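I opened this model to look up its cavities, its symmetry and one of its sheets. My notes follow in the order I took them.

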2 protein chains.
Amino acid sequence: MTTALLQALRSAVGDAQVLTHEDPATDLSAWETDWRGRAHGRALAVVRPGNTDEVAAVVKACAAAGASLVPQGGNTGLVVGSVPDSSGTQVLLSLTRMNAVRALDTANLTLTVEAGCVLQAVQQTAEKAGLLFPLSLAAEGSCTIGGNLATNAGGTQVLRYGNARDLCLGLEVVTAQGDIWHGLSGLRKDNTGYDLRNLLIGSEGTLGIITAATLKLHPQPLARLTAWAAVPSLDAAVALLGLAQRQLGAGLTGFEVMGQFALSLVDKHFSALRVPLWRESPYCVLLENSDSESEEHARAQFERLLEAALEQGLASDAVVAESLAQARGLWHIRESIPLAQAQEGLNIKHDISIPVSRIPAFCVETDALLAREIPGVRLVNFGHLGDGNLHYNVQAPEHANAADFLRTQESEVNRLVFEAVSRYGGSISAEHGVGSLKVDTLPHHKDPVALALMRSIKTALDPQNTMNPGRVLTR
Amino acid sequence: MTTALLQALRSAVGDAQVLTHEDPATDLSAWETDWRGRAHGRALAVVRPGNTDEVAAVVKACAAAGASLVPQGGNTGLVVGSVPDSSGTQVLLSLTRMNAVRALDTANLTLTVEAGCVLQAVQQTAEKAGLLFPLSLAAEGSCTIGGNLATNAGGTQVLRYGNARDLCLGLEVVTAQGDIWHGLSGLRKDNTGYDLRNLLIGSEGTLGIITAATLKLHPQPLARLTAWAAVPSLDAAVALLGLAQRQLGAGLTGFEVMGQFALSLVDKHFSALRVPLWRESPYCVLLENSDSESEEHARAQFERLLEAALEQGLASDAVVAESLAQARGLWHIRESIPLAQAQEGLNIKHDISIPVSRIPAFCVETDALLAREIPGVRLVNFGHLGDGNLHYNVQAPEHANAADFLRTQESEVNRLVFEAVSRYGGSISAEHGVGSLKVDTLPHHKDPVALALMRSIKTALDPQNTMNPGRVLTR
């Protein structure tokens with residue numbers, strides 16, 4: 001059976017694009033190991049189709065053999081969703097060779113690209129046309145747009161432009177049966193039936209394989225300014241967010257919050273970055289104002305906002321970056337928090353969302369709960385406050401052995417945090433997805449009727465359960 | 001069987017809320033006749049539940065009896081999607097009694113309402129809290145938010161704020177099995193599985209019944225200005241749209257186009273409205289600029305834009321409304337086109353979308369095609385150009401008998417227009433939906449794989465085919 005399948009795969013994509021362990025010189029570990037090094041799988045083969053028809057042929061070959069398929073883009077996901085299991089029977093479908101830009105329509109503000117396009121290349125293609133593709137996240141230099149869509153990626157511009165879902169108008173998809181849905185629409189309105197596009201987006205390869213997408217572009221703002229403010233509390237941060245939304249409208253393109261301990265780690269491990277204002281305040285926020293008029297106008301707006309914030313006691317101090325380099329420096333501090341945290345030692349990561357209004361109470365309650373249950377625990381709390389999305393990470397007590405801490409405390413910490421998230425009407429995965437990592441936890445926190453609906457859909461569209469099985473849902 | 005079902009319905013919602021033809025004094029025609037008077041059905045009963053548990057009980061009673069259910073909100077839809085068929089066996093489920101506002105969270109910018117809330121009441125609730133619920137359409141005084149979501153309604157603010165889908169964060173839904181999915185999330189990010197919310201939105205009651213929703217609110221703009229420009233061509237209108245998007249950014253909240261013949265009908269039938277600039281130009285556009293800063297700033301921006309447009313030859317003349325009354329007057333002209341058209345006589349309506357960049361070529365080709373095939377035909381072309389959405393309506397030749405014209409030409413006109421729409425990568429229903437009206441046409445214009453996926457989903461979620469059967473899909 002295996003031989004027949006490999007033969008069918010080779011005839012689908014050509015011998016050179018089917019890599020197996022049969023050849024001892026071939027190293028497949030880059031495809032078999034997940035980004036954070038948590039999972040080391042073993043694929044039957046790594047298959048690298050060059051076009052949509054080849055993807056369809058691969059899917060048909062796998063369906064005929066009952067073999068399961070794991071699609072993979074840049075393999076930068078954080079929830080173990082794109083690597084094979086250890087059985088040695090799964091086919092790893094790498095989309096990276098499909099990286100063509102198919103069409104750019106500047107008057108329609110759309111860009112049609114293949115799934116394997118690297119996010120940064122998509123951004124650059126838009127920029128060269130004087131337009132903006134706003135999706136932006138840490139892995140943009142290696143993640144692919146197919147993976148971004150399969151996981152409904154978030155990032156730093158969601159507040160204004162939405163997540164990957166909101167930036168896509170049409171899809172081309174190979175179904176579990178190997179049929180091709182030609183849905184590359186560049187339409188902003190289309191009410192001719194069920195929303196298949198959004199069903200496929202975020203389904204993590206379990207319902208079909210995204211091979212291309214028509215993306216929504218935006219005009220480039222003329223100016224983009226960054227400010228940094230020390231705030232006396234999370235309550236003040238939420239109030240400042242509301243004020244900024246009222247005064248800047250859609251100009252507010254970023255609103256990040258960072259806790260004092262998180263910033264202290266950046267200061268400790270990357271002192272050259274010169275973190276501003278962190279010593280005096282429990283939280284700092286980073287604001288971005290994008291303006292279609294002029295830098296002068298953006299600056300005047302920002303100054304008006306920050307003056308009002310200082311007057312109303314919502315901020316104790318604030319700075320506006322004077323140059324692009326300064327603005328990049330402020331963002332760099334924000335983006336260095338995960339690295340500083342890694343320098344400090346292993347830790348337990350959470351990617352949660354809570355209604356914005358309830359974030360202060362959630363943090364007060366959960367901070368206290370963890371401090372009581374695990375004396376000395378340290379909280380690295382930061383994230384996209386404007387989206388209600390916190391990376392609420394838990395670091396071992398000072399001088400404790402971090403590996404021991406993870407081994408003994410991770411499941412208890414997760415339980416405490418996720419139960420608090422559920423009490424506050426939140427989500428245990430805001431932007432990273434489910435993958436294998438959270439598939440067993442999800443049923444404890446998701447509405448059972450929603451899970452039953454999801455299962456019905458999965459069974460209807462993938463009755464053989466060959467599409468990335470064990471991700472999102474277990475059987 | 002029928003007696004047992006009626007008994008079960010009465011015990012579910014109370015005798016007073018089950019209306020039938022048994023009582024000759026009861027007139028059910030308001031529920032049985034569609035908005036445009038095209039369909040006159042006959043219901044077994046009109047059932048009016050008062051809460052979600054009652055809806056679930058009604059659905060269970062119908063499922064047990066194998067009776068089909070037609071959910072209805074304000075019954076203002078344009079595609080015959082919310083009235084019973086003529087069999088006298090369908091249960092009409094009216095949601096209008098469920099009209100409570102359940103929660104307002106100003107810091108989270110969310111409003112949770114029941115399905116039967118009238119859209120205008122939702123808008124007013126937001127406004128009283130100093131916030132904006134931007135969905136706005138002609139029927140807002142009587143349509144319900146449940147119907148808006150079930151049909152993914154569009155309207156005049158889609159360009160900036162999106163359609164109903166983009167304005168909803170969470171749903172409460174009764175499934176075809178009578179289970180309740182408690183999905184009233186106020187989260188902006190939640191990647192814990194398939195996007196059930198967007199699957200239900202726009203499914204026209206065929207997959208489940210929306211009983212409540214958590215809606216996304218926006219800050220109220222401080223100023224909203226309206227301008228009117230005469231443009232020399234549709235090409236110029238598209239170029240002006242691009243310029244406005246670059247200069248105003250997200251401030252551009254409306255961009256409507258109106259053909260000269262459409263405006264001539266308003267001038268003819270409602271001369272008091274004083275249509276500006278229409279005589280000199282084949283098209284006029286209406287622009288709206290919403291500003292979070294000040295009216296002065298909005299006006300300066302508008303003047304800068306219109307000066308550039310005149311300089312570049314994208315407009316031949318333009319006016320900016322000087323007062324709120326003038327602005328309302330301009331919008332009123334735009335909104336009077338359908339009424340003026342009705343005054344002129346019966347006509348064939350289309351609600352199509354095309355990629356914005358291809359609209360000029362589509363209109364040139366299709367205008368010429370129709371003129372050739374039906375000498376003397378008159379085109380009432382207007383719509384939401386910023387969304388690529390045209391109401392491309394076809395009026396009988398002058399002095400022709402309009403009823404005869406419709407009877408003899410409607411199917412041929414539809415065929416010509418829809419085939420042209422398909423050639424240009426468009427949609428035959430941009431914002432009105434499918435209902436019964438387009439259910440037989442859709443398979444000729446929709447990707448067959450997409451249709452097969454839709455059918456699989458329908459069968460999986462509603463295996464008995466009791467939820468609004470015959471809408472969106474035929475068996």
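**Entry 1: cavities**

I began with the largest cavity and asked which residues line it. The model is a predicted one. From chain A, I listed A:L241, A:Q245, A:V356 and A:G386. From chain B, I listed B:A107, B:N108, B:L109 and B:R188. Sorted by class, this lining gave me four nonpolar residues, three polar and one charged. I read a volume of about 50 Å³ for the largest cavity.

Next I asked how many cavities reach 30 Å³ or more. I found four.

I then took the second largest cavity, with about 40 Å³ of space. Its lining has A:A107, A:N108, A:L109 and A:R188 from chain A. Chain B brings B:L241, B:Q245, B:V356 and B:G386 to this second lining. I sorted these residues too: four are nonpolar, three polar and one charged.

**Entry 2: symmetry**

The two linings sent me to the relation between the chains. In general, a rotation about an axis and a shift along it relate two copies of a chain. What turn lays chain A on chain B here? I noted a turn of 180°, with a shift of 0.0 Å along the axis. The RMSD of that fit is 0.0 Å. The two copies are therefore related as by a two-fold rotation axis.

I also checked the interface. Of the interface residues of chain A, 100% are also interface residues in chain B, so the copies meet through the same surface.

**Entry 3: a sheet in chain B**

I moved on to an open sheet in chain B. It has five strands in the order 5-6-10-8-9, and the pairing is antiparallel. Which strands lie at its edges? They are strand 5 (101-105) and strand 9 (180-183) of chain B, and each pairs on one side only. I read an average turn of 15° between neighbouring strands of this sheet, direction ignored.

I followed one edge inward. Strand 8 of chain B, residues 168-175, runs antiparallel to strand 9 of chain B, and four bridges join the two. I looked up the partner of B:E172 in strand 9 of chain B and found B:H182.

Last, I asked which strands helix 3 of chain B touches. This helix, residues 52-65, packs on the sheet. I noted its contacts with strand 5, strand 8, strand 9 and strand 10 (208-216) of chain B. The direction of helix 3 makes about 45° with that of strand 8 of chain B.

Methods: Residues numbered from 1 in each chain as written. Chains lettered and ligands numbered in written order. Predicted model: local features only at pLDDT ≥ 70, side-chain atom pairs only at ≥ 80, totals over all residues. Heavy atoms only, no water. 1 Å grid on protein atoms, 1.4 Å probe; cavity = no way out; pocket = protein on both sides within 12 Å on 5 of 7 lines; lining within 4 Å. Points joined across faces, edges and corners; volume = space filled by probe spheres on them. Nonpolar A, V, L, I, M, F, W, Y, C, P; charged D, E, K, R; others polar. Least-squares fit on C-alpha atoms with pLDDT ≥ 70 in both. Contact = heavy atoms within 4.5 Å. Pairing = 2+ DSSP bridges. Axes fitted to C-alpha atoms, helices over the stretch in contact; angles between N-to-C directions.
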